[in-house]
Amino acid sequence: MQIPDTLQPAEVDLLYRNHHSWLRNWLSARTGCRDNAADLAQDTFVRLLKARQVSPLKAPRAYLSSIARGLMIDQFRRRALEIAYLESLANLPELQAPSEEQRLVILDTLERLDNALHSLKPRARQAFLMAQLDGLPLAQIALRLDVSRATVERDLAKALGVCYRLRYADL
């Protein structure tokens with residue numbers, strides 16, 4: 001098996017010159033915002049520059065749009081988290097509201113947790129959320145997901161492992 005080549009900066013430069021305008025327009029049509037599209041297009045090429053291994057591109061626009069689509073999804077999820085967080089803050093008395101610095105730390109933590117949970121299989125993620133957010137016992141989770149209690153225990157162990165690694169990876 002042959003290991004794919006790494007794109008050289010000159011190749012990325014050529015891709016940028018040939019496809020940046022197209023990608024920006026493609027993103028603009030999907031986001032409805034030219035400024036956001038420009039940012040996402042730049043982020044797409046930054047992601048491409050950071051890629052360790054990239055096969056020679058036979059369909060560069062398909063590859064670029066795939067990266068950009070993933071970035072749009074990440075952005076959408078991040079904004080949804082921010083909105084949910086801000087809505088929950090609006091319900092707190094003013095004296096209990098966190099400082100701006102605390103808000104940024106909390107949002108960053110929520111985003112990292114959301115990304116970590118999305119690395120799980122959907123059933124494990126759902127079981128974890130049912131246990132943590134809804135406070136459901138194992139038996140009820142098993143019943144709702146139509147799986148055994150042992151399966152729920154395994155799913156929760158995987159989810160908790162992801163959370164543990166997220167918490168202690170930086171130490």
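**Exercise 1.** Which residues in H1 meet which residues in H2? Identify them in this predicted model, then characterise the contact by residue class.

*Solution.* Begin with the boundaries: helix H1 spans residues 9-31 and helix H2 spans residues 34-50. Next, list the H1 side, which consists of Val12, Leu15, Tyr16, His20, Leu23, Arg24, Asn25, Leu27, Ser28 and Thr31. On the H2 side, the partners are Arg34, Asn36, Ala37, Ala38, Leu40, Ala41, Gln42, Thr44, Phe45, Leu48 and Leu49. Finally, sort the residues of this contact by class: 12 are nonpolar, seven are polar and two are charged.

**Exercise 2.** Describe the geometry with which H1 passes H2.

*Solution.* First, consider the distance: the axes of the two helices come within 8 Å. Second, take the angle, which is roughly 140°. Angles over 145 degrees would count as roughly antiparallel, and 65 to 115 as roughly perpendicular. H1 is therefore oblique to H2. Third, assign the handedness: the crossing is right-handed.

**Exercise 3.** Place this helix pair in the context of the whole protein by determining its secondary structure, burial, contacts and surface.

*Solution.* Start with the secondary structure: the protein has seven helices and zero strands, giving the pattern α-α-α-α-α-α-α along the sequence. Then assess burial, taking buried as under 20% relative accessible area; of the 171 residues, 30% are buried. Turn next to the contacts with a separation of 6 or more, of which 60% link residues 24 or more positions apart. Last, examine the surface: about 11900 Å² is exposed, and 54% of that area comes from carbon and sulfur atoms.

Technical notes: Residues are numbered from 1 along each chain as its sequence is written. This is a predicted model: local features need pLDDT of at least 70, side-chain atom pairs count only at pLDDT 80 or more; totals for chains, interfaces and linings use all residues. Side-chain values use heavy atoms; hydrogens and water are left out. Helices (H or I, at least four residues) and strands (E, at least two) are DSSP runs, numbered from the N terminus. Buried means under 20% relative accessible area, exposed over 50%, partly exposed in between (1.4 Å probe, protein chains only). Contact means heavy atoms within 4.5 Å. Accessible areas come from the Shrake-Rupley method with a 1.4 Å probe; for residues, only the protein chains shown count as cover. Axes are lines fitted to C-alpha atoms, for helices over the stretch in contact, and angles run from 0 to 180 degrees between N-to-C directions. Angles under 35 degrees count as roughly parallel, over 145 as roughly antiparallel, 65 to 115 as roughly perpendicular and the rest as oblique. A crossing is left-handed if the near helix is turned anticlockwise from the far one by less than a right angle, and right-handed if clockwise. Ala, Val, Leu, Ile, Met, Phe, Trp, Tyr, Cys and Pro count as nonpolar, Asp, Glu, Lys and Arg as charged, and the others, Gly among them, as polar.
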